[in-house]
Amino acid sequence: LVSAIFSLSFFPYFLYISFSRDIDASYEKYKSILAEAVAIESVSGDPTRRPQTIEMVNWVKERLEKLGVRCTLQDLGKHTVDGKELPLPPVLFGQLGDNKSKKTVLVYGHLDVQPAAKVDGWETEPFVLTERDGKLFGRGSTDDKGPVLCWLHAIEMLQKHKIDIPVNIKFCFEAMEESGSLGLAELLEKNKNAFLAGVDFVCISDSYWLGTTKPCLTHGLR
């Protein structure tokens with residue numbers, strides 16, 4: 001989002017430098033926030049950690065609302081696991097901006113993770129964000145909590161520098177992706193003429209990474 005704005009706009013060079021330095025200076029803050037997210041063991045496939053999975057949705061909702069995003073939680077009902085009825089984590093809908101002259105981008109991401117333990121081969125505690133040789137290790141740091149948080153950080157920085165975001169943004173964050181996205185398809189179908197109305201583009205913020213120096217754009221997904 002940030003790169004696109006600067007590449008398509010005629011911002012003074014000094015503003016770009018100031019903006020970039022501010023991002024670099026926020027590294028420890030961003031790392032601390034990611035550590036909070038990683039520490040929430042939102043393993044959607046583990047019934048004993050369903051409360052943490054729901055907690056993760058509310059954690060992101062709170063941070064979106066601080067940025068001025070209008071949020072709602074979409075109830076998906078319940079399902080049965082091993083004979084026990086459990087609530088499905090709600091889907092988080094959010095909207096920032098409603099300018100009819102701007103295009104609208106829908107951002108999708110997921111907040112749940114796969115199980116992880118040191119006995120699986122992890123060299124570090126999977127739910128404790130750990131930095132080694134300039135790399136961050138922690139369950140969900142790249143799939144998909146880190147990418148979701150990048151959207152929040154980009155919006156926060158643009159607002160701080162009073163830079164207009166050239167699109168309206170809608171968010172759809174679920175917490176059952178690692179368990180088959182139960183209830184999501186039905187929810188989206190139900191909202192195609194409501195929350196999803198007016199969406200021009202969809203960005204699935206959960207895809208391949210080819211490295212730190214080679215961007216990757218995946219298109220044509222289902």
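Two strands count as paired when DSSP finds at least two bridges between them. In this predicted model, β5 (residues 104–110) and β9 meet that mark with room to spare, pairing in the parallel sense over 4 bridges. Within this pair, Tyr108 stands opposite Ile204 in β9.

Zooming out, β5 and β9 belong to an open sheet of 5 strands, laid out in the order β1-β4-β8-β5-β9, and the pairing across the sheet is mixed. The edges are β1 (70–74) and β9 (201–204), each of which pairs on one side only. From one strand to the next, the twist averages 20 degrees.

As for what packs on the sheet, helix α4 (residues 50–66) lies across β1, β4 (91–96) and β8 (168–174). Relative to β1, helix α4 runs at about 160 degrees.

Helix α3 is worth a look of its own. Spanning residues 27–39, α3 has 13 residues and reaches 18 Å from its first C-alpha to its last, close to the 18 Å expected at 1.5 Å a residue. Its buried residues are Tyr30, Lys31, Ile33, Leu34, Ala37 and Val38; a lysine thus turns up in the list, as Lys31. Seen down the axis of α3, these buried residues fall within an arc of 165 degrees, so they line one face of the helix. The general background is simple: an α-helix has 3.6 residues a turn, so residues three or four places apart point the same way.

And what sits over that face? The cover on the buried residues of α3 includes the helices α2 (13–25), α4 and α5 (145–160), along with the strands β6 (130–132) and β7 (135–137). Helix α4 therefore appears twice in this picture, lying across β1, β4 and β8 and helping to cover the buried residues of α3.

Conventions. Residues are numbered from 1 along each chain as its sequence is written. This is a predicted model: local features need pLDDT of at least 70, side-chain atom pairs count only at pLDDT 80 or more; totals for chains, interfaces and linings use all residues. Side-chain values use heavy atoms; hydrogens and water are left out. Helices (H or I, at least four residues) and strands (E, at least two) are DSSP runs, numbered from the N terminus. Axes are lines fitted to C-alpha atoms, for helices over the stretch in contact, and angles run from 0 to 180 degrees between N-to-C directions. Contact means heavy atoms within 4.5 Å. The expected span of a helix is 1.5 Å times one less than its number of residues. Buried means under 20% relative accessible area, exposed over 50%, partly exposed in between (1.4 Å probe, protein chains only). The arc is that of the directions from the helix axis to the C-beta atoms.
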